[in-house]
Structures are given as C-alpha cells and as structure tokens.
Amino acid sequence: MKIAIGCDHGGFQLKEEVKKHLSQKGIEFEDFGTYSEESCDYPDIAACVGEKVVAKEFELGILICGTGIGIGIAANKIPGVRAALCSDTFSAHATRQHNNANILTMGQRVVGPGLALDIVDTFLNSSFEGDRHQRRIDKISAIENKYKK
C-alpha cells in the first residue's frame, strides 16, 4: 500500500505523528507538504494529493488541516476524489466500506494524536463492500460528470 499525505500549517504536527506511525507499520508513503508550521494555503496541498490519488500513483491519501474541513472541500473538487472527514473510527470504517473513500481528512484541532492514529489504521484496513454501494458511487460519478467543465 502506498499513501499520499499532506497538510497545511494547521495540521503539520499531526501529519508528523501520522508519518511516524506509518513508518513504524512499514507502510510506504510520500509527503506532499507542507513541511513546517509556516502559513500556507490548504487548497494547494489538497490538489496535489488528490491528483496523485486519482491518477492511481497512490492507493489512498491522508490530508490534515486545523479542522479537516477546508482541505477536504478542496480535495473533493477533483473528479474522482472521495475525501471523507473522520473524527471517529466508526466513520473511517463506514466511509471505506460504503463510500469507497480514497482520501481521509482529519483536523489537528479536533482529534488528538492517539485517536487520529486509530482512525488512520481503521481507514487503511477497511475496504469497499461494492454491491449496492457501487450503484451509489456510480451516481456520485454521474453528478461529477454532469458538472465538469
């Protein structure tokens, strides 16, 4: 499994914790920034990670900002991205099973590092059930295609 990871300045510390965790588990990842707590714009990071995931250069992505909201909104503008904000393990499991989410978003100011690592593990270890859920994913794709410019 290969993971694309990124954050803005508001998620930098948590991203560093997640990177350590992934390394300890032997999970391959690439960090697309930011690389400090200096202010930056989350849409730039979200676009980079989202494009890499949609291009299938990475199986999944993880994006972190202060709340996980803005970075997820930006990522979801990319056709094919299904970024899900998760602040609990049930949501992380369900979004992989039912929504085939391909990017996890989290907020450093919302979840502590212990819970965040549990959420990451749950997201990475859950898989899409397909079946009736695929019909719904296809409808999401149809909405994307309708509004593409």
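## Asp 31 and its partner Lys 19

In this predicted model, Asp 31 counts as buried, its relative accessibility being 14%, and the residue forms a salt bridge with Lys 19 in which the closest N and O atoms lie 2.8 Å apart. The pair links distant parts of the chain, since Asp 31 belongs to strand S2 (residues 28-31) whereas Lys 19 belongs to helix H1 (residues 12-24), with the two positions 12 residues apart in the numbering.

Lys 19 is likewise buried, with a relative accessible area of 18%, a value that falls in this class because buried means under 20%.

## Lys 15, Glu 16 and the network

A further salt bridge joins the side chains of Lys 15 and Glu 16, at 3.8 Å from N to O. Lys 15 is buried, with a relative accessible area of 0%, while Glu 16 is partly exposed, with a relative accessible area of 26%.

These two residues do not stand apart from the pair described above: Lys 15, Glu 16, Lys 19 and Asp 31 are linked in a network of salt bridges.

## Lys 52 and Glu 57

Elsewhere in the chain, the side chains of Lys 52 and Glu 57 meet in a salt bridge, with a distance of 3.4 Å from N to O. Lys 52 is partly exposed, having a relative accessible area of 24%, and Glu 57 is also partly exposed, having a relative accessible area of 42%.

## Total in the structure

The structure holds seven salt bridges, among them the pairs Lys 15 and Glu 16, Asp 31 and Lys 19, and Lys 52 and Glu 57.

Notes. Residues are numbered from 1 along each chain as its sequence is written. This is a predicted model: local features need pLDDT of at least 70, side-chain atom pairs count only at pLDDT 80 or more; totals for chains, interfaces and linings use all residues. Side-chain values use heavy atoms; hydrogens and water are left out. A salt bridge is a side-chain nitrogen of Lys or Arg within 4 Å of a carboxyl oxygen of Asp or Glu. Buried means under 20% relative accessible area, exposed over 50%, partly exposed in between (1.4 Å probe, protein chains only). Helices (H or I, at least four residues) and strands (E, at least two) are DSSP runs, numbered from the N terminus.
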